[in-house]
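Q: Please explain the terms used for this model, setting each value against its definition.

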Amino acid sequence: MNSKQVLDIFKEITRIPRESGHEGPITEYLRQFAISRGLSCSIDPTGNVLIVKEASPGRESVPTLVLQSHQDMVCEKLAGSSHDFSKDPVRYVVEDGWMIAPETTLGADDGIGIAAQLALLESKESMGRIECLFTISEETGMDGAEALQPGFFSGKTLINLDSEDEGQLFIGCAGGMNTRVTLEYTKEPVQKGWKTLVLKLDGATGGHSGDDINKERVNALQQMSRFLYTEMKKGMQLSSINGGGKPNAIARECEAVVSVPDAGATAARFALFGKTLSMEFCVSDPAIRAASAEGNASEAIESATAGKLISSLCCCPHGVLAMSQDIPGLVETSTNLASVRTGDDGRIIITTSQRSSTISERDMAGDRVEALFRLAGAECERLYAYPGWKPNLDSPILAVCVESYRRLFNQEPEVKAIHAGLECGLFLEKFPELDMISFGPTLRGVHAPGERLELASLDKFVALLSDVVCNYR
């Protein structure tokens with residue numbers, strides 16, 4: 001197995017639709033891959049796939065290794081992009097040593113993990129028995145990992161291929177959950193003589209709500225509500241606010257439709273606000289932009305409800321809440337204001353997500369969000385809660401990977417925990433005997449358009465994985 005083989009398979013995968021909850025095409029691709037190579041393939045009722053490659057001659061006594069990735073990808077695109085994730089191949093370019101999807105997410109999270117498993121399955125190298133597990137809907141709730149039943153795989157050592165920093169071996173991760181808010185509203189007529197404006201923030205960098213939450217990037221929802229709060233005091237009606245995307249992505253865009261007594265003055269203040277954001281976030285979000293245009297609205301959200309909504313969004317916590325007291329530099333607890341949708345059915349849906357290495361702190365973060373929005377008269381519910389993965393420094397597979405990395409690259413790998421959520425926490429809850437590790441190549445900008453894969457890091461990732469699997473005893 002080499003990195004060219006892995007990259008060629010990944011290029012095939014970029015042509016296959018695989019949005020969370022719609023993994024049918026990639027599941028069928030995996031099934032056909034196994035059939036064409038005479039490998040055993042099992043698919044459970046949820047859609048998880050297991051492909052087994054029996055041990056090479058003379059390696060029958062080697063304990064089984066489980067290699068794991070997830071089938072789905074986060075589907076995000078730039079505003080105005082015509083890309084249709086349900087049918088269009090991901091368009092990518094290779095520039096300066098990076099494979100980049102300029103307008104969309106690339107899907108290297110976790111398509112590159114899938115590709116590495118498939119390359120191993122068709123490799124002629126001598127190795128013990130491997131079980132390749134491909135779960136579904138990891139990005140939206142870890143549904144596949146949650147539904148795994150005892151006996152679906154037999155190995156007691158698992159390598160998760162869903163990490164994003166080459167040279168780092170992960171032995172722990174945060175747990176998480178979503179807190180969804182529903183605020184009901186009625187409508188009132190727009191004041192006679194007032195003009196309607198469409199206010200839009202876009203061009204924010206965005207990113208992964210776990211890996212990138214400590215980078216102090218613009219959250220477009222948070223910043224739009226900041227502006228609306230000041231305008232509300234001058235006289236304003238809100239017809240709608242919509243923005244953000246997936247719960248595990250930092251909001252890059254937000255649009256608000258407002259009616260005001262002096263549209264010219266409001267537009268000028270919004271333009272100035274955009275310049276303020278460009279100054280405040282000149283390093284993290286150099287492309288942030290504020291634009292306004294004339295709109296048309298005859299009705300608005302009833303003023304008292306609109307005021308509660310804007311105030312709550314303005315106060316809603318977003319970002320790092322606590323750093324680890326045990327591991328320097330590790331985010332312990334965070335929360336993400338992910339999306340707002342104003343529906344025509346009289347409901348406004350606000351989605352947030354919380355992460356923590358400690359379940360009690362994760363729940364506390366959710367309590368803060370819930371308490372705030374309940375003051376505004378909203379209903380709140382918790383969704384998709386999953387546990388963290390407690391680090392085990394005495395892990396046998398960790399020792400194997402550290403030794404292999406030293407020997408291959410003549411340097412020490414970093415052994416770390418990650419603030420992002422991995423399925424390993426659920427695996428450990430269901431299969432307490434599992435010994436696990438996670439590693440991968442370097443990815444940047446995951447969960448946002450412009451996601452990219454560093455090709456030099458892919459070489460090292462593939463070399464490490466091949467060496468560990470082929471020399472595992």
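Q: What makes the lining of the largest cavity divide into 6 nonpolar, 1 polar and 2 charged residues?
A: The model is a predicted one, in which local features need pLDDT of at least 70 and side-chain atom pairs count only at pLDDT 80 or more, while totals for chains, interfaces and linings use all residues. Residues are numbered from 1 along each chain as its sequence is written, and side-chain values use heavy atoms, with hydrogens and water left out. The lining consists of Ile13, Thr14, Ile16, Pro17, Arg18, Met73, Phe85, Asp88 and Val90. Ala, Val, Leu, Ile, Met, Phe, Trp, Tyr, Cys and Pro count as nonpolar, Asp, Glu, Lys and Arg as charged, and the others, Gly among them, as polar. Arg18 and Asp88 are therefore the charged residues and Thr14 the polar one, which leaves 6 nonpolar.

Q: Why is the space of about 50 Å³ called a cavity?
A: A cavity is a set of points on a 1 Å grid over the protein atoms alone where a 1.4 Å probe fits but cannot get out, and its lining residues have an atom within 4 Å of a point. The structure holds 3 cavities of 30 Å³ or more. The largest has about 50 Å³ of space and the second largest about 40 Å³; a volume here is the space filled by probe spheres set on the points, which are joined across faces, edges and corners.

Q: Which residues line the second largest cavity?
A: They are Asp165, Glu166, Gly167, Gln168, Leu169, Tyr405, Phe439, Gly440, Phe461 and Leu464. Strand E8 and helix H11 (455-471) each give two or more residues to this lining. Helices (H or I, at least four residues) and strands (E, at least two) are DSSP runs numbered from the N terminus. By class, the lining has 5 nonpolar, 3 polar and 2 charged residues.

Q: What makes the space of about 650 Å³ a pocket?
A: A pocket is an open set of points with protein on both sides within 12 Å along at least five of seven lines. The largest pocket holds about 650 Å³ and is lined by 39 residues, with Asp211, Asp212, Lys215, Arg217 and Arg444 nearest its centre. Strands E8 (168-173), E22 (414-418) and E24 (443-444) each supply at least two lining residues, and E22 gives the most, with 3. The lining has 16 nonpolar, 11 polar and 12 charged residues.

Q: How many residues line the second largest pocket, and which are the closest to its centre?
A: The second largest pocket has about 410 Å³ of space. Its lining has 28 residues, and Glu139, Thr140, Asn178, Pro247 and Asn248 are the closest to its centre. Strands E9 (175-184), E20 (347-356) and E21 (379-386) each supply at least two of them. The classes are 8 nonpolar, 13 polar and 7 charged.

Q: Why are H5 and H7 called oblique to each other?
A: Helix H5 (residues 220-232) and helix H7 (residues 303-315) pack at about 135°, with axes 8 Å apart. Axes are lines fitted to C-alpha atoms over the stretch in contact, and angles run from 0 to 180 degrees between N-to-C directions. Under 35 degrees counts as roughly parallel, over 145 as roughly antiparallel, 65 to 115 as roughly perpendicular and the rest as oblique. About 135° falls in the rest, so H5 and H7 are oblique.

Q: Which residues of H5 and H7 make the contact?
A: Contact means heavy atoms within 4.5 Å. H5 contributes Ser225, Arg226, Leu228, Tyr229 and Met232, and H7 contributes Gly307, Ile310, Ser311, Leu313 and Cys314. These comprise 6 nonpolar, 3 polar and 1 charged residues.

Q: Why are H1 and H3 called oblique to each other?
A: The axes of helix H1 (residues 3-13) and helix H3 (residues 108-121) come within 8 Å and cross at roughly 125°. That angle belongs to none of the other ranges, so H1 and H3 are oblique. On the H1 side the contact is made by Val6, Ile9, Phe10 and Ile13. H3 adds Ala108, Gly111, Ile112, Ile114, Ala115, Ala116, Leu118 and Ala119. The contact has 11 nonpolar, 1 polar and no charged residues.

Q: What makes H9 oblique to H11?
A: Helix H9 (residues 396-409) and H11 cross at roughly 125°, and their axes come within 10 Å. This angle makes H9 oblique to H11.
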